[in-house]
Amino acid sequence: MNTAVEICQSFGKTFTYQLREKVMGLPGPDNARCIVEMLQLPVSPEEYYALQKQKNKKLFATANLMPGAERLVRHLHSHGIPIAVATSSSEESVNVKLTKHRELFSLFHHIVTASSDPEVKRGKPNPDIFLVCASRFPDKPNPEKCLVFEDAPNGVKAARAAGMQVVMVPDESISEESKRPATLVLRTLEDFKPELFGLPAYTPTCVRRCE
């Protein structure tokens, strides 16, 4: 069960799909404040955030990768394409999420955590995190040369506000309206074709034994 659903149920409230869509991608403190205010929970945003972090700690340690994510990361790294992570999570949460995936994430040039990075003044849907992330590559690429992968509507808005292209892989519950700002919407990362964005194409794999 989603931790927000579980916490809200404990207070006799319902964490709806609409509210989930509204808070997805927000930094932890902003996420907590929005939920507490919208549902009028009998706790402070700080108390909710602490409770959420406690419950997420066990969940994040067993987090799996999205289908197609590992193939994409290794493909871009093998071709020398600079890649980084820009997440609304805190550094503490990211470290827990990487429990099973440290080798793969070592391929990223850097990781920016909006909830704990002092240079990120405003969280998503503001563009700050993506602009800071781009500035930390050695060549400091212009925003229009950056491609972002997102699942959250607030992340898509942030990427577009930064002047970047964005591929969205949304949850099935996300509304069509929230998908519109994305450059491309995919059902799964397994459907991504790098060549559509000027990147090296995947190498075809042999599906039958050669005679």
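**Sheet, helices and side-chain pairs**

Helix H9, residues 153–161, lies across strands S3 and S4. Its direction makes an angle of about 165° with S4. The model analysed here is predicted.

The strands under H9 belong to an open sheet. Three strands build this sheet, in the order S3-S4-S5, and their pairing is parallel. Strand S3 (147–150) and strand S5 (184–185) stand at the edges. Each has a single partner strand, so one side of each is left without a neighbour in the sheet. Strand pairing of this kind runs through backbone hydrogen bonds. Strand S4 covers residues 165–168 and is joined to S5 by 2 bridges. Methionine 168 stands opposite valine 185 of S5.

Helix H8 spans residues 128–135 and is mostly covered. Of its 8 residues, 6 are buried. These are Asp128, Ile129, Phe130, Val132, Cys133 and Ala134. The cover over them includes strand S1 (85–87) and strand S2 (111–113). S3 and H9 also contribute to this cover.

One of the buried H8 residues, aspartate 128, takes part in a salt bridge with arginine 122. The closest N and O atoms of this pair are 3.0 Å apart. The two partners differ in exposure. Aspartate 128 has a relative accessible area of 12%, which is under 20%, so it counts as buried. Arginine 122, at 43%, is partly exposed.

In total, the structure holds 10 salt bridges. Such pairing can arise when charged atoms of opposite sign come close. Glutamate 176 and lysine 179 form one salt bridge, with their closest N and O atoms 3.0 Å apart. Both residues lie in helix H10 (residues 176–179). They are 3 residues apart, about one turn of the helix. An α-helix has 3.6 residues a turn, so residues three or four places apart point the same way. Glutamate 176 is exposed, with a relative accessible area of 54%. Lysine 179 is buried, at 15%.

A further salt bridge joins the side chains of aspartate 191 and arginine 187, at 3.7 Å from N to O. Here aspartate 191 is partly exposed, with a relative accessible area of 36%. Arginine 187 is exposed, at 68%. Elsewhere, salt bridges link Glu70, Arg74 and Glu103 into a network.

Aromatic contacts were examined next. The structure holds 3 aromatic pairs. Phenylalanine 105 and phenylalanine 108 form a tilted pair. Their ring centres lie 5.2 Å apart, with 35° between the planes. Phenylalanine 105 is partly exposed, at 21% relative accessible area. Phenylalanine 108 is buried, at 15%. Phenylalanine 192 and phenylalanine 197 have ring centres 5.9 Å apart. Their planes meet at 25°, so this pair is stacked. Phenylalanine 192 is buried, with a relative accessible area of 2%. Ring pairs also bring in Phe149, which forms a cluster with Phe192 and Phe197.

Two tyrosine rings carry a charged side chain over the face. Lysine 53 lies over tyrosine 49, at 4.9 Å from the ring centre. Arginine 71 lies over tyrosine 202, at 3.6 Å from the ring centre.

How values were computed
Residues are numbered from 1 along each chain as its sequence is written. This is a predicted model: local features need pLDDT of at least 70, side-chain atom pairs count only at pLDDT 80 or more; totals for chains, interfaces and linings use all residues. Side-chain values use heavy atoms; hydrogens and water are left out. Two strands pair if DSSP finds at least two bridges between them. Helices (H or I, at least four residues) and strands (E, at least two) are DSSP runs, numbered from the N terminus. Contact means heavy atoms within 4.5 Å. Axes are lines fitted to C-alpha atoms, for helices over the stretch in contact, and angles run from 0 to 180 degrees between N-to-C directions. Rings of Phe, Tyr and Trp (its six-membered ring) pair if their centres lie within 6.5 Å; planes under 30 degrees apart count as stacked, over 60 as edge-to-face and the rest as tilted. Buried means under 20% relative accessible area, exposed over 50%, partly exposed in between (1.4 Å probe, protein chains only). A charge sits over a ring if NZ of Lys or CZ of Arg is within 6 Å of the ring centre and within 35 degrees of the ring normal. A salt bridge is a side-chain nitrogen of Lys or Arg within 4 Å of a carboxyl oxygen of Asp or Glu.
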